[in-house]
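I am opening a fresh page for this chain and will write down what I looked up, in the order in which I looked.

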Amino acid sequence: IAGLLALMLFGTTFLIGPLSFFLPKIFTPFKIYRKYLGISGFVVAVIHMLLSFYSYFKLDLAFMLFDSKNEHLLGVWLGILALLIFLSMTLTSTKKAIETMGAATWKKLQTGGYIALVLVMLHFILMETNNGLFIIRRPFGRAIFVFGFVVLAARLLVFFLTLWKKPTKTA
């Protein structure tokens, strides 16, 4: 459940931007909550990792991270990579970080969260695949999985629409 909650929090954080693009009067006021949703998502993701390490991997770090018999090895590493990206975003979620890094660099780092979200979705797929079969047994899990793809699709739509609207330079 913690993993699903983390995905929900991250997804909501990232969905506010595209929704603000399409319906600015309604969703722009929610932009101030993105930082807090993202940090909450990171905390819940760390809890998810710790709970998984304890309950699923039985505190066996070597098996979890390095054993080729671990059928979820790639999924674990994708989750860790996503968590590291979210950690960098969390640590730079301050005004001082924006001033130090510069707004453009900071914005690129924060936008990198979409890469982390893709990694989370791949993590989800790999962790829910057993014996080569991908099945999400929990209905709530299916809904959150679809939500993750909706968030990514919304961001891609905004990206292509803004790319299409940019004026081209002529000589």
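**Burial and overall layout**

I began with burial, and found that buried residues make up 36% of the 171 residues in the protein chain. I note at the outset that this is a predicted model.

For the surface, I looked up the exposed area of the protein chain, which is about 10900 Å², with carbon and sulfur atoms supplying 73% of it. The C-alpha trace spans about 60 × 35 × 35 Å along its principal axes.

I then went through the secondary structure, where I find nine helices and two strands, and reading along the sequence I wrote down the order as α-α-α-α-α-α-α-α-β-β-α. Turning to the contacts with a separation of 6 or more, I see that residues 24 or more positions apart account for 65% of them.

**Helix α3**

Next I checked the length of helix α3, which covers residues 34–55. Its 22 residues, taken at 1.5 Å a residue, should span 32 Å, and because the end C-alpha atoms are 31 Å apart, I record that the expected and the computed span agree.

Which residues of α3 are buried? I listed G38, G41, F42, V44, A45 and F53. Looking for what covers them, I found that the cover includes α1 (2–22), α4 (61–66) and α5 (73–91).

**T90, in α5**

I followed one residue of helix α5, namely T90. Is T90 buried or exposed? Its relative accessibility is 19%, and since buried means under 20%, T90 counts as buried. Setting aside the neighbours within four places in sequence, I find T90 in contact with I39 and F42; F42 is already on my list of buried residues of α3.

**The pair α7 and α8**

Last, I looked at how helix α7 (residues 103–111) packs with helix α8 (residues 113–127), and noted an angle of about 10° with the axes 4 Å apart. That angle makes α7 roughly parallel to α8, because angles under 35 degrees count as such.

Which residues of α7 and α8 meet? On the α7 side I wrote down L109, Q110 and T111, and on the α8 side G113, Y114 and I115. Sorted by class, the contact of α7 with α8 has three nonpolar and three polar residues, and no charged residues.

Methods. Residues numbered from 1 in each chain as written. Predicted model: local features only at pLDDT ≥ 70, side-chain atom pairs only at ≥ 80, totals over all residues. Heavy atoms only, no water. Expected span 1.5 Å × (residues − 1). Buried < 20%, exposed > 50% of the residue type's maximum accessible area, 1.4 Å probe, protein only. Contact = heavy atoms within 4.5 Å. Axes fitted to C-alpha atoms, helices over the stretch in contact; angles between N-to-C directions. Parallel < 35°, antiparallel > 145°, perpendicular 65-115°, else oblique. Nonpolar A, V, L, I, M, F, W, Y, C, P; charged D, E, K, R; others polar. Areas by Shrake-Rupley, 256 points an atom, 1.4 Å probe, with all protein chains shown as cover.
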